[in-house]
Amino acid sequence: MQSLFTTTYQAAQAIAGTIEAHFASMLQLEMEKQATDLAPEPVADHIELILDTAFWVSLRHEEGLSPRISLAYISPEHVPHPLLFEKRMPLSSALLTKISPGVERPGIHLGVWHENNELYIWGTTSTIPSLCMVVDVSEPGLLVVKHRRTDGFGKFANVAILKGDEVKIVDEQAAHIPDCPSVVTSLLKFNGAYNWDNSYNILVQLAVSMRAHKRGGILLVTPSDSDTWTYSMVQPLAYAVQPAFSVLAELVRKAEKEENRLNVQDAIRREVDLIAGLTAIDGATIINDKYELLAFGAKIGRLQGNESVHEIVLTEPVVGGVAKTVHPSLNGGTRHLAAAQFVHDQRDAIALVASQDGRFTIFSWSVCEEVVQAHSIDILLL
């Protein structure tokens with residue numbers, strides 16, 4: 001078996017103690033609530049070795065492709081129906097690279113556990129307990145440390161991102177900045193539940209799906225009781241939807257009433273992907289706050305009589321992050337500038353913007369600061 005003291009990835013050495021403290025704090029809070037189905041607490045030495053091994057795996061190739069794997073710190077006794085290997089396998093970059101093609105699908109985790117202070121791979125699982133530490137190998141040199149939320153629904157909560165020698169720790173307190181949109185707030189709640197009566201669950205799914213198609217796009221979310229957004233569009237609209245496409249809205253209403261909401265999860269996911277797919281078309285896709293599709297491929301213009309947006313406040317929810325006031329052109333290209341102008345003119349709307357390189361920004365109007373806020377959240381969507 002591999003010794004715990006052979007790590008060479010300095011970022012892993014630097015961050016392991018912080019990650020250990022995060023999980024210790026989260027698990028303690030849940031135990032005080034007498035929560036059940038909790039994962040074991042990871043220790044710094046184990047975290048360091050898992051990150052070190054995962055990093056070197058990410059730089060290797062199997063049949064010309066970079067490995068994409070998910071490592072879950074859990075024993076097979078803590079999961080239902082584990083797929084157990086006959087023999088334990090050492091936690092090594094060579095072995096993980098070799099088996100990576102068979103376990104790269106979303107939702108499949110390789111189980112990592114320890115005996116006599118040595119780590120090993122015991123098999124795979126598609127089910128893990130609450131607050132189970134997961135390390136995803138997302139792309140060469142990029143690792144994401146995350147965990148399953150306590151309610152079991154929605155996207156895993158990201159804890160830290162390691163990209164080469166750069167380390168970013170998600171700051172949950174960033175959710176308390178003035179006028180922070182609910183979609184950002186929900187992603188920052190490490191232990192937060194995904195409530196069906198709040199909009200952020202669907203918007204998070206839309207953001208993840210938009211980012212996944214890797215073509216870039218804009219999604220505008222407007223009030224359902226107003227059509228003033230049309231005044232910020234170049235007319236005529238080439239792809240207006242009439243009547244509004246309301247299948248997703250109907251599914252969300254159904255989910256709010258269903259006792260077993262899993263019954264509609266797959267249907268919601270399909271409709272989310274349909275709308276997110278439309279954002280790949282040049283121009284903006286528009287939905288209202290009821291999730292009704294109004295138009296796509298729309299060109300954003302400046303509201304007649306309004307000035308051009310000349311500054312935005314740029315934030316990123318990471319420990320040590322500082323809000324910056326910049327010209328919108330310094331935040332991105334044409335999409336970002338158009339989205340900032342739209343929110344500047346339509347202050348009760350928000351704009352979700354995906355870049356082809358994976359960057360993701362949510363624009364919203366701050367009533368307190370009277371300025372457009374640009375929330376850079378790609379760290380939360382990985």
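Okay, before anything else, what do I mean by a pocket? It's an open set of grid points where a 1.4 Å probe fits, with protein on both sides within 12 Å along at least five of seven lines. Rolling a probe the size of a water molecule over the atoms shows where empty space is left. And one thing to keep in mind for the whole talk: this is a predicted model.

So, let's look at one of these pockets. The second largest pocket comes out at a volume of about 330 Å³. Which residues sit closest to its centre? Out of the 21 that line the second largest pocket, those are L314, T315, E316, V322 and A323. Two strands, β13 (312-315) and β17 (371-376), each put at least two residues into that lining. The most comes from β17, which gives four residues. And if you sort the lining of the second largest pocket by chemistry, you get 12 nonpolar residues, five polar ones and four charged ones.

While we're in the three-hundreds, have a look at T325, which is in strand β14 (residues 324-326). Is T325 buried or exposed? It's exposed, because its relative accessible area is 52% and the cut-off for exposed is over 50%. Compare its position with H22: T325 and H22 are 303 residues apart in sequence, and their C-alpha atoms are 31 Å apart in space.

Now, aromatic rings. A pair of aromatic rings is described by the distance of the centres and the angle of the planes. How many aromatic pairs does this structure hold? Four. Take Y9 and F55: their ring centres are 3.8 Å apart and the planes are at 5 degrees, so this pair is stacked. Y9 is in the segment before α1 (10-32), while F55 is in helix α2 (residues 44-58), so the pair ties together parts 46 residues apart in sequence. Both Y9 and F55 are buried. There's also W56, which ring pairs link with Y9 and F55 into a cluster.

Another pair is Y239 with F296. Here the centres are 5.0 Å apart and the planes are at 10 degrees, so that pair is stacked too. Y239 lies in the loop between β9 (217-222) and β10 (240-245), and F296 lies in strand β12 (residues 293-298), so this pair ties together parts that are 57 residues apart in sequence. Y239 counts as partly exposed, because its relative accessibility is 42%. F296, at 18%, counts as buried, because the limit for buried is under 20%.

Next up, a helix. In α6 (residues 247-257), the residues L248, A249, L251, V252 and A255 are buried. Why do I say they line one face of the helix? Looking down the axis of α6, those buried residues fall within an arc of 160 degrees, so they line one face.

Then there's a lysine, K155, in the loop between β6 (142-147) and β7 (157-163). K155 counts as buried, because its relative accessibility is 15%. K155 and N201 are 46 residues apart along the chain, and their C-alpha atoms are separated by 9.0 Å.

Last thing, something from a database. An unreviewed UniProt entry has an annotation, "domain: Probable sensor", that covers residues 37-125. In our model, that stretch is 25% helix and 30% strand, and its end C-alpha atoms are 15 Å apart.

Note on methods: Residues are numbered from 1 along each chain as its sequence is written. This is a predicted model: local features need pLDDT of at least 70, side-chain atom pairs count only at pLDDT 80 or more; totals for chains, interfaces and linings use all residues. Side-chain values use heavy atoms; hydrogens and water are left out. Buried means under 20% relative accessible area, exposed over 50%, partly exposed in between (1.4 Å probe, protein chains only). The arc is that of the directions from the helix axis to the C-beta atoms. UniProt positions are given in the numbering used here, feature names are shortened, and annotations may be inferred rather than shown by experiment. On a 1 Å grid over the protein atoms alone, a cavity is a set of points where a 1.4 Å probe fits but cannot get out, and a pocket is an open set with protein on both sides within 12 Å along at least five of seven lines; lining residues have an atom within 4 Å of a point. Grid points are joined across faces, edges and corners, and a volume is the space filled by probe spheres set on the points. Ala, Val, Leu, Ile, Met, Phe, Trp, Tyr, Cys and Pro count as nonpolar, Asp, Glu, Lys and Arg as charged, and the others, Gly among them, as polar. Rings of Phe, Tyr and Trp (its six-membered ring) pair if their centres lie within 6.5 Å; planes under 30 degrees apart count as stacked, over 60 as edge-to-face and the rest as tilted.
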